[in-house]
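Student: Could you take me through the largest cavity in this structure, please? I would like to know what lines the largest cavity and which elements supply that lining.

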Amino acid sequence: MQRPRRLVTVSHSYVVTLNRRLANEMARVGGAAWDVTAVAPRFFHGDLSHIHLQHEPDEAAKVHGIRAFLSRSPHAFVYGPELREHLRGADLVHAWEEPYVLAGLEAAMLTPRHVPFVFSTFQNLSKHYPPPFAQAERFVVRRSVGWVTGAATVKDNLLGRPGYASRPMRVIPMGVDTELFRPDRASGAAVRRALGWESDGPPVVGYLGRFVPEKGLSLLMQALEHLQSPWRALFTGGGPQEAELRAWAARQGDRVRVLTGVSHDGVPRVLNAMDVLCAPSQTTPRWKEQFGRMLSEAFACGVPVLGSDSGEIPHTMGDAGLVLPEADTSAWTRALGELLENPERRRELATRSRERAVTRFAWPVVARAHLDFFDELLARR
């Protein structure tokens, strides 16, 4: 019997259990053919708090914690010599670290020379990096046998940079748990009641994400104000625009609610309380939407989606939702009005969105796509 191939996947994001879902799903999908190990920091300085690595008893992948140094800086942190020991004996090493950061360079350098090295990247903006980050990117690309990205816009951006086009690559989207995120109108109705809303009131327009200008909250508020159709709105998330959003909500009477502090496990219930989700992201010189996790999660819950044409949103949406010009408030008002007045159209989009989630974004599908790519790269050797 052939021994399983040993895959070692490295990422600072694996310090959070939820972010190890890809590694765990690859272990489940790979079965006896793959032995998957996730290497993560024992401790990392997160954006909001210090994070200690936690081990869950039901994880399919092996999880090894190692030290990380300078973890306050996502560009300059490194793992140190411990990483080398965990890369020995691998049949393939996968680094979920950008190629231009020092941790990505370190993973490429410490991978044994005979072992194929693959990296994942999500850089969808054209940037020029100062030393040593420019040199790190060039080395990592040269050392790799292939690369993965979650977005078509990242592929389009990077194929013009030195070395990328000469390496095999795959566009594999981020995954969603289609068992946790599923249509459940009963739980959605319970959320509405908890918010003090009648279950038979006007349709609920939803927003999920950060309360920041680039996410298009101002456009959505203006579009709602111009609607002639009855509506309610539920804004879920948090961020610096919260005070502005709450002040606007107070002027709308009883038809707006603002929810903050919702845990990831609570997001499916909130999505199921919505009749339509809006993702009006706005491109800036320094940012455009990289994927739109809220889109795939809404799809999985069978919620119709309106999204802007910023960054990756049109590719994430496909034909399962409606893509609108990101800066055209009147277009958003018209589209929202038509959708709110047409329950049959909402049901049609809900069916298409759930189908797209199951066939494209479900974690087993995403994990299988990674392993198929790794199998192909190993076969080329």
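Tutor: Here is a close look at the cavity, followed by the chain around it. This is a predicted model, where local features need pLDDT of at least 70, side-chain atom pairs count only at pLDDT 80 or more, and totals for chains, interfaces and linings use all residues. Residues are numbered from 1 along each chain as its sequence is written, and side-chain values use heavy atoms, leaving out hydrogens and water.

A search of the whole structure turns up one cavity of 30 Å³ or more; a cavity is a set of points, on a 1 Å grid over the protein atoms alone, where a 1.4 Å probe fits but cannot get out. Its volume, the space filled by probe spheres set on points joined across faces, edges and corners, is about 90 Å³. The lining, meaning residues with an atom within 4 Å of a point, holds 15 residues, and Leu22, Trp96, Phe122, Met174 and His370 lie nearest the centre. By class there are nine nonpolar, six polar and no charged residues, with Ala, Val, Leu, Ile, Met, Phe, Trp, Tyr, Cys and Pro counted as nonpolar, Asp, Glu, Lys and Arg as charged, and the others, Gly among them, as polar.

Two elements, β8 (146-149) and α14 (363-380), each supply at least two lining residues, and α14 gives the most, with three. The chain has 14 helices and 15 strands, which are DSSP runs numbered from the N terminus (helices H or I, at least four residues; strands E, at least two). Of its 381 residues, 55% are buried, that is, under 20% relative accessible area with a 1.4 Å probe, protein chains only.

Note on methods
1 Å grid on protein atoms, 1.4 Å probe; cavity = no way out; pocket = protein on both sides within 12 Å on 5 of 7 lines; lining within 4 Å. Buried < 20%, exposed > 50% of the residue type's maximum accessible area, 1.4 Å probe, protein only.
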